[in-house]
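Work through the exercises below with the sequence and the structure at hand. Each task is followed by a worked solution.

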Amino acid sequence: MSEESKGLPAGGYDGGSPTRGFSRAESAWPQYGAAFMMAVCLSMAWAAMPFILTSIGGTNAHVGYAPAINNLAYMIALLVTGSWLTHLRVKRTTLCAGVVALCATVTMSLVVVWAQRHPGLNNPAWIWILIAAGGVGGATMALYWPFLMSWVSSDYEGVRLNQRLGWYNGAWSSGGTLGPVIGGWLFEVNPILPLIGAAAAVVLAQVLLSFGRDGSTRKTSAAALPANVNEAPCDRRLLADCRWISRIALFSACASYAVIRSQFALVFRDHGYTESQFGLYLTIYALCNFLALVIAGGWARWHYKPSLLVIGQVVLLATLLMTIYGRALSILFVSSILLGVAYGFAYCSHLYYGASGSRKRSGRMAIHETVISLGLTIGSAAGGYLCDHAGLYAPYWFAIGVIAAGMVGQVVIHLGVRSRAAIGSPVAASDGIGIAKSP
């Protein structure tokens, strides 16, 4: 969190009564609104990106490389922000990131306009300029999402932390629900419109974020919990187990989603369906993702049950098999539902386990986002390469292999933690972060 929050009194912003300060701290609608609009921007632009690239002469490889470079730049930038920039003021940092993201989106729009006005040239340099601008936008998000998540969750623990993250996840995932269908519809009108709409969404996010209060309250876990809520004690070994199992689940889900998002758009069209129907496919995924995140944010019974994450991996396998063998639109839409549920549960699980017991929230959020970007980068790059060199369906078999290997890793980690617990060997909480003992 930002440095200026360290000196705030325990009673809240005013230094008054705890109830009054707590009530004001709960008001985070500018951050939630900004998360919603930025998610609209990104989902709108990237759902339409495969069609935008092919419309200006891009190949299947370009379709895979664009999101891969975007996520690779994001991941590299996260390593910097998570290590050296966690002291920055959250409001100023997120606003500056929004400005750079707007410039990157405008640059991408100008490239498409130029390509439309010079249809006979097919200069690959302009395609790579568009991809590079997407990479700049991806790197910029390393100064946006981790700081915004830290801003929302700072000083909260237990059930209240789960609720705050639930509201935040509901905000960005609802934006992700609307963006794809809008992007697909706008592309059918004109390829430039999804990028123009994305730029407008960034502007609205900046306006909303300007109303946010740059600070946090310094509450204890007991103060943050209602009197009638009994939070289960935090076990160090179990938390370490859940962190790593959820990390594998999130990576597998991101790799699978990246393959489907980048390459399945072209397969979907080859089946005879339209761009707007693909937008609806992604919207169904996003809606189910939203519902999974909101339900998990309001229902804490899934905490510290790692077997549920393994079940989520099985759901991912079913999703990919339906994607490979399905032809009817109804089957493909069912696979989209399963993908949204599995991705949403993996996302909220890793976010919760990573934030729990950690004082360096922005660093933890950077780790969370790094896992996401690594999965998206590998999935997108492998999908583009395999589609060009091994066939249209090779990327989905690659994703199945990733999930299968991940399930083996999850079982090994879980059995290893249980065996250490049985012999009474001390196990540190993962990543060198100590876990506060519950009272």
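A charge sits over a ring if NZ of Lys or CZ of Arg is within 6 Å of the ring centre and within 35 degrees of the ring normal. The model is predicted: local features need pLDDT of at least 70, side-chain atom pairs pLDDT 80 or more, while totals for chains, interfaces and linings use all residues. Numbering runs from 1 along each chain as its sequence is written, and side-chain values use heavy atoms, without hydrogens and water.

**Exercise 1.** Find which residue lies over the face of W244.

Solution. R247 lies over that face, at 4.5 Å from the ring centre.

**Exercise 2.** Classify the ring pair of Y257 and Y285, and place both residues.

Solution. Step one: rings of Phe, Tyr and Trp (its six-membered ring) pair if their centres lie within 6.5 Å; planes under 30 degrees apart are stacked, over 60 edge-to-face, and the rest tilted. The structure holds 25 such pairs. Step two: the centres of Y257 and Y285 are 4.8 Å apart and the planes are at 20°, so this pair is stacked. Step three: Y257 lies in helix α10 (residues 236-270) and Y285 in helix α11, so the pair ties together parts 28 residues apart in sequence. Helices are DSSP runs of H or I with at least four residues, numbered from the N terminus.

**Exercise 3.** Are Y257 and Y285 buried or exposed?

Solution. Buried means under 20% relative accessible area, exposed over 50%, and partly exposed in between (1.4 Å probe, protein chains only). Y257 has 13% and is buried; Y285 has 6% and is buried.

Key
Helix = DSSP H or I, 4+ residues; strand = E, 2+ residues; numbered from the N terminus.
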